[in-house]
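Hi,

Here is the structure I promised to pass on. Have a look at it first, and then read on for what turned up when I went through it.

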Amino acid sequence: MSSIFSKIISKEIPADIFHEDDICLAFRDINPQAPVHFLVIPKKEISSMADLTNEDEAIVGRCLLVASKVAAKQGLQNGYRLIANTLDDGGQEVPHLHFHVMGGRKLTWPPG
Ligand code: 5GP
């Protein structure tokens, strides 16, 4: 299913992009919940974690590696949280797989 993130990938709508390669994109969340809050998404249209298949293994690996590298570049040496909200119960709003990376303040646990 196409979503707003397809339009960010195609540059039809702007985003503050931190990283782009052939497989994934990292950009600032438009409604940040922490001083640093960015999303890492695959360019392939995968709806959610629940839709991953074996052929997506390298894609997910790249996304997580990019999350780690961008977090370091964004100054999150003190730590951060990596989240993939999944489907309704997980609170997923955009139906395109994405990993939130949030940091820059002490985050509480558990989430609601
Ligand atoms: P979800 O609830 O699906 O895990 O999170 C979707 C995230 O995408 C939200 O944190 C929301 O702020 C972010 N978001 C939604 N639309 C846009 C957009 O057009 N641009 C950017 N940069 N972020 C968006």
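**What I found**

Let me begin with the strands: β1, which covers residues 17-20, pairs with β2 in the antiparallel sense, and 3 bridges link the two. If you want a spot to look at, go to Ile17, whose bridge partner in β2 is Phe27. The two strands make a hairpin, with 3 residues between β1 and β2. Before you go further, please keep in mind that this is a predicted model.

**The ligand**

Next, the ligand. Which pocket does the ligand take up? The space it fills is the largest pocket. Two elements each give two or more residues to the shell around the ligand, namely α1 (4-9) and β2 (24-28). So β2 turns up again here, after its part in the hairpin with β1. The largest share of the shell is from α1, with 3 residues.

Altogether, 17 residues surround the ligand, and the closest are Arg28, Asp29, Glu93, His98 and His100. Sorted by type, the shell has 8 nonpolar residues, 6 polar ones and 3 charged ones.

Three of the closest residues are worth clicking on for their polar atoms:

- Arg28: a polar backbone atom of this residue is 2.9 Å from a nitrogen atom of the ligand.
- Glu93: here a backbone N or O atom lies 2.7 Å from an oxygen atom of the ligand.
- His100: an N or O atom in the side chain is 2.8 Å from an oxygen atom of the ligand.

How much of the ligand does the protein cover? On its own the ligand has 520 Å² of accessible area, and the protein covers 84% of that.

**Two backbone oddities**

Most peptide bonds are trans, and most residues other than glycine have a negative phi. This model has an exception to each. The peptide bond that joins Trp109 and Pro110 is cis, with omega at about 5 degrees. You will find Pro110 in the segment after β5 (99-103).

The other exception is Lys11, a residue other than glycine with a positive phi, near 70 degrees. Lys11 is in the loop between α1 and β1. That puts Lys11 in the loop that runs between the element with the largest share of the ligand shell and a strand of the hairpin.

Have a click around, and shout if anything is unclear.

Cheers

Technical notes: Residues are numbered from 1 along each chain as its sequence is written. This is a predicted model: local features need pLDDT of at least 70, side-chain atom pairs count only at pLDDT 80 or more; totals for chains, interfaces and linings use all residues. Side-chain values use heavy atoms; hydrogens and water are left out. A residue is near a molecule or strand if one of its heavy atoms lies within 4 Å of it. A polar contact is a pair of N or O atoms within 3.5 Å; within protein, one must be able to donate a hydrogen and the other to accept it, and residues adjacent in sequence count only if both atoms are side-chain atoms. Accessible areas come from the Shrake-Rupley method with a 1.4 Å probe; for residues, only the protein chains shown count as cover. On a 1 Å grid over the protein atoms alone, a cavity is a set of points where a 1.4 Å probe fits but cannot get out, and a pocket is an open set with protein on both sides within 12 Å along at least five of seven lines; lining residues have an atom within 4 Å of a point. A molecule sits in a cavity or pocket if more than half of its atoms lie within 2 Å of its grid points. Helices (H or I, at least four residues) and strands (E, at least two) are DSSP runs, numbered from the N terminus. Ala, Val, Leu, Ile, Met, Phe, Trp, Tyr, Cys and Pro count as nonpolar, Asp, Glu, Lys and Arg as charged, and the others, Gly among them, as polar. Two strands pair if DSSP finds at least two bridges between them.
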